[in-house]
Amino acid sequence: MTSTLTISHLTKTYDGVNALSDVSLSVEPGERVALLGHNGAGKSTLMKVILGLIQPNGGEVTVCGAKPGQAAARAKVAYLPENATFHSAVTGLEQITYYMRLRNLDASGAMELLDRVGLSAAAKRRIGTYSKGMRQRVGLAQALIGHPSLLVLDEPTSGLDPVSRRDFYELLDGLAAEGAAILLSSHALTEVEARTDRLLILSGGRMVAEGTLSDLRREAALPVSMHITALNGYSADIMDALPNAIRVGDALHISCNQDDKLATLAEISALRGKVADLEVIPPSLEDIYSHFSRRDGQ
């Protein structure tokens, strides 16, 4: 299978400062990839290179089999910025109709696109009356024009309420199932933790981590937390059996290394007559992100 996006040893320098240093990555058809990084990590620069808006100083980039910015690449790539802006006097329907005509497409499909992003009821209202979340959905509808092979999304859920965010990710799931490759930049780590296939972490212009959430958990080797709820009267017995446990409110808390997880669970299992409940809490994406960023000295 040919990758929709391939980047090899990419470097971009501004006034002698490396914004990107030896960055390599790929995004496959149907894959949802999250691009994470602090402000200034190089995410925006990377997206601009992919879109053909700026030229790199070194490395190779292939977008849908073409160089960024070439007509063949532009026809298959869609971009949604963090803050989508439109003329306030036009309606949502007029906006999408206009851009479909620019692409020489049948504009009769404009309403279908607006319906797909949940804006059919407001299609004939002026965009000036839309909330920020509604304007973001107009931007998403515009990005979907022409069935793009690659979607580059910069903080796409900015301004969306929780229900709209859920609907947005369900839409992305459907696009990925149809074969679209998705590269999504976001600071909303809880969202991307559950709704993307692979994670890329940029720090200081370098790719410091890449893989699935499970891959990054193994690489980071952060402690696993366990919350134990004791049956009435047995807290002291559990504390004696697990000397590393500490009391947190009405529960007991214990942390262990990844390699000691099974052994710790076996110790707790041996106390089954005294334990009412057990919750195992693996490191979150926020924990993992902080680990790799600190490791890079940021």
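Which residues of H1 are buried? Keep that in mind while you load the chain. This is a predicted model.

**Stop 1: the whole chain**

Show the chain as a cartoon. Eleven helices and 13 strands make it up. The C-alpha trace spans about 75 × 50 × 35 Å along its principal axes. Colour by accessibility next. Of the 298 residues, 47% count as buried. Then turn to contacts between residues at least 6 apart in sequence: 70% of them join residues at least 24 apart.

**Stop 2: helix H1**

Select residues 43–51, which form H1. The buried residues here are Lys43, Thr45, Leu46, Met47, Val49, Ile50 and Leu51. That is seven of the nine residues in the helix, so H1 is largely enclosed by the rest of the structure. Step just past the end of H1 to Gly52. Its phi is positive, about 80 degrees.

**Stop 3: the largest nonpolar core**

Which residues touch the most other members of the largest nonpolar core? They are Leu36 and Ile96, in a core of 51 residues. By element, H6 gives the most to this core, with six residues. As background, nonpolar side chains tend to be buried together in soluble globular proteins.

Centre on Leu36 and show its surroundings. Setting aside neighbours within four places in sequence, Leu36 is in contact with Lys43, Ser186, Leu189, Val192, Leu199, Leu200, Ile201, Leu202, Leu285 and Tyr289. Lys43 is a link back to the previous stop, as one of the buried residues of H1.

There is also a second, separate core of 29 residues. To find it, select Leu20, Leu25, Val63 and Val77, which are among its members.

**Stop 4: helices H3 and H5**

Select residues 92–102 for H3 and 132–143 for H5. Their axes come within 10 Å and cross at roughly 25 degrees. Angles under 35 degrees count as roughly parallel, and H3 and H5 are therefore roughly parallel to each other. The crossing is right-handed.

Now show side chains. On the H3 side, the contact uses Gln95, Ile96 and Tyr99. On the H5 side, look for Val138, Ala141 and Gln142. By class, the contact has four nonpolar residues, two polar and no charged ones. Ile96 has come up before: with Leu36, it touches the most other members of the largest nonpolar core.

**Stop 5: Thr129, ahead of H5**

Go to Thr129, in the loop between H4 (110–116) and H5. Is Thr129 buried, partly exposed or exposed? Its relative accessible area is 48%, so Thr129 is partly exposed. For a distance check, pick Met100 as well. Thr129 and Met100 lie 29 residues apart in sequence and 22 Å apart in space, C-alpha to C-alpha.

**Stop 6: Leu160**

Select Leu160 in the loop between strand E6 (150–154) and helix H6 (162–177). This loop residue counts as buried because its relative accessibility is 8%, under the 20% cut-off. What does Leu160 touch, not counting residues up to four places away in sequence? Show Gly133, Gln136, Arg137, Arg165 and Phe168. Then draw a line to Arg294. Leu160 and Arg294 are 134 residues apart in sequence and 30 Å apart in space, C-alpha to C-alpha.

**Stop 7: Thr264**

Jump to helix H10, residues 261–269, and pick Thr264. Thr264 has 7% relative accessibility, so it counts as buried. Its contacts, not counting residues up to four places away in sequence, are Met226, Ile254 and Cys256.

**Stop 8: two positive phi values**

Most residues other than glycine have a negative phi. Two residues here deserve a look against that background.

First, select Asp15. Its phi is near 50 degrees, a positive value in a residue other than glycine. Asp15 sits in the loop between strand E1 (5–14) and strand E2 (17–27). At 83% relative accessibility, Asp15 counts as exposed.

Then select Ala221. Although Ala221 is not a glycine, its phi is positive, about 55 degrees. The residue lies in the loop between helix H8 (213–220) and strand E10 (224–230). Ala221 counts as partly exposed, with a relative accessibility of 44%.

Definitions and conventions:
Residues numbered from 1 in each chain as written. Heavy atoms only, no water. Axes fitted to C-alpha atoms, helices over the stretch in contact; angles between N-to-C directions. Helix = DSSP H or I, 4+ residues; strand = E, 2+ residues; numbered from the N terminus. Parallel < 35°, antiparallel > 145°, perpendicular 65-115°, else oblique. Left-handed = near helix turned anticlockwise from the far one by under 90°. Contact = heavy atoms within 4.5 Å. Nonpolar A, V, L, I, M, F, W, Y, C, P; charged D, E, K, R; others polar. Buried < 20%, exposed > 50% of the residue type's maximum accessible area, 1.4 Å probe, protein only. Core = buried A, V, L, I, M, F, W, Y, C linked by side-chain atoms within 4.5 Å.
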